[in-house]
Amino acid sequence: MISKSLNPIREQLNRIEQKIDNKKSKKYLCIADVSALTSLSQSTIRRAIKSGSLQCKKKLGKILFLESDIDIWFGGK
């Protein structure tokens, strides 16, 4: 009896878990972090920015990248 009453709660938890798993990262990385993560030189990363194949944000003189953009660019998720 208790098991049947918990089914709606289990279903809701499953939906929440799926939403969390599908959520993209909002973590920002600097060019040194991207270089370490991808094992590419900073020059290669700068060329990708210049060619338009890699998106970045420029804030206060820093080049920042969304981690999810790096995953997509480098052939990840």
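Let me start with a definition. Two rings of Phe, Tyr or Trp count as a pair if their centres lie within 6.5 Å. For Trp, the six-membered ring is used. Keep that in mind; we will need it shortly.

One caution before we go on. What you see above is a predicted model.

First, the overall picture. The protein has 77 residues. Its secondary structure comes to 4 helices and 3 strands. Start at the N terminus and read along: the order is α-β-α-α-β-β-α.

How much of the protein is buried? Of the 77 residues, 19% count as buried. The protein exposes about 6,300 Å². Carbon and sulfur atoms supply 55% of that area.

Now the contacts. Take those with a separation of 6 or more. Residues 24 or more positions apart account for 51% of them.

Back to the rings. How many aromatic pairs does the structure hold? It holds 1. The partners are W73 and F74, with ring centres 6.2 Å apart. Their planes sit at 40°. Under 30 degrees would count as stacked, and over 60 as edge-to-face. An angle of 40° falls in neither range, so this pair is tilted.

Are these two residues buried or exposed? Partly exposed, in both cases. W73 has a relative accessibility of 24%. For F74, the relative accessible area is 46%. The partly exposed class runs between the 20% and 50% cut-offs, so both values belong there.

Next, a helix pair. Two packed helices are described by the angle between their axes and the distance between the axes. Here we look at helix α2, residues 31-38, and helix α3, residues 42-51. They pack at an angle of about 110°. Their axes are 9 Å apart. Angles from 65 to 115 degrees count as roughly perpendicular, and α2 and α3 therefore get that label.

Which residues meet there? From α2 come I31, A32, V34, S35 and T38. From α3 come Q42, I45 and R46. Sorted by class, this contact has 4 nonpolar, 3 polar and 1 charged residues.

Let me finish on one residue, S35. You will find S35 in helix α2. Its relative accessible area is 15%. Buried means under 20%, so S35 makes the cut. What does S35 touch, leaving aside its neighbours within four places in sequence? S35 is in contact with L40, S41, Q42 and I45. Look again at Q42 and I45: they are among the α3 residues that meet α2.

Note on methods
Residues numbered from 1 in each chain as written. Predicted model: local features only at pLDDT ≥ 70, side-chain atom pairs only at ≥ 80, totals over all residues. Heavy atoms only, no water. Helix = DSSP H or I, 4+ residues; strand = E, 2+ residues; numbered from the N terminus. Buried < 20%, exposed > 50% of the residue type's maximum accessible area, 1.4 Å probe, protein only. Contact = heavy atoms within 4.5 Å. Areas by Shrake-Rupley, 256 points an atom, 1.4 Å probe, with all protein chains shown as cover. Axes fitted to C-alpha atoms, helices over the stretch in contact; angles between N-to-C directions. Parallel < 35°, antiparallel > 145°, perpendicular 65-115°, else oblique. Nonpolar A, V, L, I, M, F, W, Y, C, P; charged D, E, K, R; others polar.
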